[in-house]
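Subject: Structure for your attention

Dear colleague,

I am handing over a structure, and I would be grateful if you could look through it alongside the notes below.

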Amino acid sequence: MADDSGHREPLNRERVLLAAVALADDAGLEAISMRKLAQALGVVPMALYKHVASKDELLNGIVDSVIGEIELPQDGPDWLANVRRRTLSARDVMLRHPWARRVLEAQSAPTPVVLAYTDSTIRMFLAGGLSADLVHHVMHTLGSRIFGFTQELHETSPAQAEELSPEVAQYMMATYPGIVAVAMSRPHDPGTVVGSGCDDRFEFEFGIDLLLAGVERLHRQGWRSADHDRDAASVI
């Protein structure tokens, strides 16, 4: 690709990854190939291999670029506000690049960038005074939420009565009354992100707030896991 003066901009790893992110944003992850990426950059495919050795390396590189967009960790004792803010920043980034979660989920091993992101998140908890024992279990519980996404049980609600025939709606209410009661407990907006029309941002924030409030309570109580106590006793 040449600039207005006719000079060709040198190809480097950053240019390759930025072009690949733009390609995935525009056409989805399926559009990512060395041939299509080379076309977008105006080079021959072999030129890409000087900067990314394989498609797997390319995919790891573009998800690293996406993670680099997430707000940097905040220092200080207010761990709850810091973790919440960064997690919501991660969610905003994943909404801009919805394909990125698939790459993260498919990774056989985390990249150094993913490890550094996880480490910096852990250190926000530790800076707030939480024990390493508690943080160990917190990270298991938060799971993918630290990267801004969660896995819904179902993509669509099985009890969205306005889309069901009267016969099916009656069957659902008779057979699965709990599901129907919860699904119909509040109005839904068909234009929102969650399959059934639930307010995706509200549900994500609710989950994070619920989890972090529980973590704060355990921290104030000086909680320790049974494994931690057993291991400490075995050392004495």
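What follows goes from the overall make-up to one helix, one pair of helices and one loop residue.

Please keep in mind throughout that this is a predicted model. The protein has 12 helices and 0 strands, and the order of its elements from the N terminus is accordingly written α-α-α-α-α-α-α-α-α-α-α-α. Of the 236 residues in the protein, 34% are buried. When contacts are restricted to residues at least 6 apart in sequence, 67% of them join residues that are at least 24 apart.

To begin near the N terminus, helix α1 covers residues 13-27, and its 15 residues reach 21 Å from the first C-alpha to the last, which is close to the 21 Å expected at 1.5 Å a residue. The residues of α1 that are buried are Arg15, Val16, Leu17, Ala19, Ala20, Val21, Leu23 and Ala24, and these buried residues pack against three helices, namely α2 (34-41), α3 (45-48) and α4 (55-67).

The next point concerns a pair of helices. The axes of α7 (residues 112-127) and α8 (residues 132-142) come within 10 Å of each other and cross at roughly 130°; because this angle falls neither within 65 to 115 degrees nor over 145, α7 is oblique to α8. The crossing in which α7 passes α8 is right-handed. On the α7 side the contact is made by Thr118, Ile122, Phe125 and Leu126, while α8 contributes Ala132, Val135, Val138, Met139 and Leu142. Sorted by character, the residues in this contact of α7 with α8 comprise 8 nonpolar and 1 polar, with no charged residue.

Finally, I would draw your attention to threonine 111, which is placed in the loop between α6 (100-106) and α7. Is threonine 111 buried or exposed? With a relative accessibility of 7%, threonine 111 counts as buried, because the cut-off for that class is under 20%. Once its neighbours within four places in sequence are left aside, threonine 111 is in contact with Asn60 and Asp64. Threonine 111 also lies 8.8 Å from glycine 61, C-alpha to C-alpha, although the two are 50 residues apart in sequence.

With best wishes

Methods. Residues are numbered from 1 along each chain as its sequence is written. This is a predicted model: local features need pLDDT of at least 70, side-chain atom pairs count only at pLDDT 80 or more; totals for chains, interfaces and linings use all residues. Side-chain values use heavy atoms; hydrogens and water are left out. Axes are lines fitted to C-alpha atoms, for helices over the stretch in contact, and angles run from 0 to 180 degrees between N-to-C directions. Helices (H or I, at least four residues) and strands (E, at least two) are DSSP runs, numbered from the N terminus. Angles under 35 degrees count as roughly parallel, over 145 as roughly antiparallel, 65 to 115 as roughly perpendicular and the rest as oblique. A crossing is left-handed if the near helix is turned anticlockwise from the far one by less than a right angle, and right-handed if clockwise. Contact means heavy atoms within 4.5 Å. Ala, Val, Leu, Ile, Met, Phe, Trp, Tyr, Cys and Pro count as nonpolar, Asp, Glu, Lys and Arg as charged, and the others, Gly among them, as polar. Buried means under 20% relative accessible area, exposed over 50%, partly exposed in between (1.4 Å probe, protein chains only). The expected span of a helix is 1.5 Å times one less than its number of residues.
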